Amino acid sequence: MSLEYAKNDWYAVADGAVLERGPYKTQLLGTELTVSGPIDNPTVTDANGKRYPLQHRYSHVWTAIGDSPRPLFDIPEGDEPGRVLVPVGVVRVKCSPLRAVENFLDIAHFPFVHTDILGAEPHTEVVPYKAEIRDDLEEVWATQVKFFQPQASKSAGGGIITEYEYRVPAPTAAVLYKTCPPKPEFKDVIAIFVQPRSEEECDVWPWMALYDETSTYPELVQFQQEIFLQDRSILENQRPIKLPLDPKLEIPTRADMTSIAYRRWLKRRGATYGALTADA
Amino acid sequence: MRAGVGGKDVVVWRAENGEIAAWDNRCPHRGMALSHGFVRGNTLACLYHGWHYGSSGRCSYIPAHPELDPPATIHARQYSISEQGGVIWVSVDDDAEGTDLGLAPLRSFIVEAGEDVVIAACASTPLDGAVPVVLGNSRFQVAGDTLMALCNPIGRAGTQVTILTAPNLPVARRLTHSRWCEAMRRTAEQEAGK
């Protein structure tokens with residue numbers, strides 16, 4: 001594990017909804033924190049009253065507890081006019097934060113875990129796509145990902161072949177760009193910001209930036225929450241709890257190219273908080 | 001179903017042709033518990049990505065690559081089993097040797113409590129107003145009938161409990177004891193939660 005590395009990344013630790021209910025107690029990388037105040041002017045403190053830096057971005061409060069945090073990644077679509085920004089709330093999952101991200105990057109499970117929503121038998125094939133570590137951006141990207149979906153999103157009327165792009169801008173965050181049924185020239189943005197409570201437990205904050213003029217806010221939230229709750233039933237039953245980086249421990253196939261790139265990228269960066277490494 | 005054997009998490013399942021197998025409870029692909037999977041014909045399919053495994057443990061089908069013949073290296077670790085007296089015995093080390101206990105299996109279930117707590121709950125959970133009598137050798141007299149509790153540790157703090165009764169008990173009596181199992185489980189889990 002590399003706590004030192006992890007401390008210098010930014011993490012979403014609260015949204016407006018939890019702060020409306022008063023000071024919000026939470027945990028980040030094993031440290032107890034309290035987030036207080038309105039979302040546009042909050043404070044983040046630990047049990048000793050020490051204050052941590054924070055930012056308000058993508059509908060969440062972000063903090064870093066290390067001494068020299070790397071810059072928070074950019075999601076330009078979050079600033080595009082016309083998009084509805086939807087913080088989906090928080091889902092507590094007893095799993096490694098890295099397993100939560102890896103599951104988000106996976107499409108082959110759609111027909112089995114999100115049956116009749118994001119996938120359905122017999123449409124189970126994962127056709128070849130492109131996955132790479134982009135050295136210029138220091139990010140993992142998967143492109144040209146195509147999959148048949150019975151109900152790709154709240155605004156999709158019926159089954160369509162959806163096109164996906166995935167982006168991993170930080171070890172515990174992932175962004176998905178997918179075909180947007182009402183506006184094919186634009187892409188819906190769905191992200192997960194994973195807050196590592198410890199190496200074996202995380203709070204997942206899904207967030208969306210959509211062009212959807214028909215669905216109401218509660219409908220959008222309910223749709224995504226249903227998806228994440230289905231994922232949780234998988235994530236809490238994977239063993240070992242930590243993500244193995246040694247490819248011998250879990251056998252991948254061609255459909256797992258994004259996951260292979262992600263694991264390799266984590267290892268290369270030394271971002272091993274929540275990972276099972278040879279020296280652990 | 002999920003079972004605990006020698007501290008290991010095991011999946012035990014029966015194929016449509018009646019064959020029973022016991023494996024390490026972990027899909028070799030992404031570590032998902034196979035006990036959450038589903039039986040399709042004579043294969044067990046993982047819930048996560050639907051990979052199929054035949055009774056030898058070998059992966060026979062990967063839905064993401066329908067045309068692919070999966071390499072023989074992809075297989076679930078298989079354990080030895082023996083069926084005796086209506087009970088499936090599993091060994092994770094060598095050949096399983098079953099024992100016919102001369103009792104009828106009633107239920108096998110997982111209790112989120114340690115073995116000591118389970119045994120204490122077996123001794124303290126009343127049935128028909130009477131507290132069980134401890135007979136030793138994991139046996140208890142519960143409302144006049146002899147019950148046996150086989151315990152195996154499972155997970156971080158759980159116990160897989162298999163309850164057996166005297167043979168030839170009438171169905172109504174077995175139902176009564178089945179409800180007692182539920183009460184015993186609640187007692188143990190309440191105690192463990194304290």
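This briefing describes the cavities and pockets of the structure. The model is predicted: local features need pLDDT of at least 70, side-chain atom pairs count only at pLDDT 80 or more, and totals for chains, interfaces and linings use all residues. Residues are numbered from 1 along each chain as its sequence is written, chains are lettered from A in the order in which they are written, and side-chain values use heavy atoms, without hydrogens and water.

**Cavities**
- The structure holds 6 cavities of 30 Å³ or more (on a 1 Å grid over the protein atoms alone, sets of points where a 1.4 Å probe fits but cannot get out).
- The largest cavity encloses about 160 Å³, a volume being the space filled by probe spheres set on grid points joined across faces, edges and corners.
- Its lining (residues with an atom within 4 Å of a point) comprises 18 residues, with Phe104(A), Phe110(A), Leu118(A), Leu176(A) and Ile227(A) nearest the centre.
- H5(A) contributes the most to this lining, with 5 residues (helices, H or I of at least four residues, and strands, E of at least two, are DSSP runs numbered from the N terminus).
- This lining has 11 nonpolar, 4 polar and 3 charged residues (Asp, Glu, Lys and Arg count as charged; Ala, Val, Leu, Ile, Met, Phe, Trp, Tyr, Cys and Pro as nonpolar; the others, Gly among them, as polar).

**Pockets**
- The largest pocket (an open set with protein on both sides within 12 Å along at least five of seven lines) has a volume of about 1,100 Å³.
- Among its 37 lining residues, Arg239(A), Ile241(A), Arg2(B), Asp9(B) and Gly155(B) are closest to the centre.
- The lining of the largest pocket divides into 13 nonpolar, 9 polar and 15 charged residues.
- The second largest pocket, of about 570 Å³, is lined by 14 nonpolar, 7 polar and 3 charged residues.
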